[in-house]
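User: Please take a close look at the largest pocket in this model. What lines the largest pocket, by class and by element?

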Amino acid sequence: MRNAGMEVIYTGLCQTPEMVVNAALQEDVDVIGISILSGAHMTLFPKVMQLMKEKGMEDVLLTGGGIIPEEDMAHLNNMGIGKLFAPGTSTTDIAAYIRN
């Protein structure tokens, strides 16, 4: 994303949803992108979304990707989470989605 001209704030591995949302709030971000390879996507994305709503961050895009089955992606999208990307997705495609 940096190569696409975006400012990126990397919070590191093993961050709790609370830590992610608090960092995003402090940095006044436009987008939160989460990479999940652990299979915890059905727990973590909804929790982050809930915390974002509690903090009044409805104007911040929540997106991400990882090893997420297509039916889970659809369910998360229906919950209001942005497009989710599978491994191997071009960063150009991800950047274009964020810009749009």
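Analyst: The pocket comes first below, then a salt bridge and a surface patch.

This is a predicted model, in which local features need pLDDT of at least 70 and side-chain atom pairs count only at pLDDT 80 or more, while totals for chains, interfaces and linings use all residues. Residues are numbered from 1 along each chain as its sequence is written, and side-chain values use heavy atoms, with hydrogens and water left out.

The largest pocket holds about 1,400 Å³ of space. A pocket here is an open set of points on a 1 Å grid over the protein atoms alone, where a 1.4 Å probe fits and protein lies on both sides within 12 Å along at least five of seven lines; lining residues have an atom within 4 Å of a point. The volume is the space filled by probe spheres set on the points.

The lining of the largest pocket counts 41 residues, and Ile9, Ile32, Gly33, Ile34 and Ser35 lie nearest its centre. Strand 1 gives the most to this lining, with six residues. At least two lining residues come from each of helix 1 (17-27), strand 1 (31-36), helix 2 (41-54), strand 2 (61-66) and helix 4 (91-99). Helices (H or I, at least four residues) and strands (E, at least two) are DSSP runs, numbered from the N terminus. By class, the lining has 24 nonpolar, 13 polar and four charged residues; Ala, Val, Leu, Ile, Met, Phe, Trp, Tyr, Cys and Pro count as nonpolar, Asp, Glu, Lys and Arg as charged, and the others, Gly among them, as polar.

Two of the helices named above are also linked by a salt bridge. Glu18 pairs with Lys47, with the closest N and O atoms 3.9 Å apart; the rule asks for a side-chain nitrogen of Lys or Arg within 4 Å of a carboxyl oxygen of Asp or Glu. Because Glu18 lies in helix 1 and Lys47 in helix 2, the pair ties together parts that are 29 residues apart in sequence. Glu18 is partly exposed at 36% relative accessibility, and Lys47 is partly exposed at 28% (buried is under 20% relative accessible area, exposed over 50%, partly exposed in between, with a 1.4 Å probe and protein chains only). Helix 2 also contains Phe45, which is buried at 0% relative accessibility.

On the surface, Val8, Tyr10 and Leu13 form a nonpolar patch with about 360 Å² of accessible area together. Such patches take residues with over 30% relative accessible area and no salt bridge, nonpolar side chains being joined within 5 Å; areas come from the Shrake-Rupley method with a 1.4 Å probe. Tyr10 sits in the segment before helix 1 and is exposed, at 62% relative accessibility.

Note on methods:
Patches are made of residues with over 30% relative accessible area and no salt bridge: like charges are joined within 9 Å, nonpolar side chains (Val, Leu, Ile, Met, Phe, Trp, Tyr) within 5 Å.
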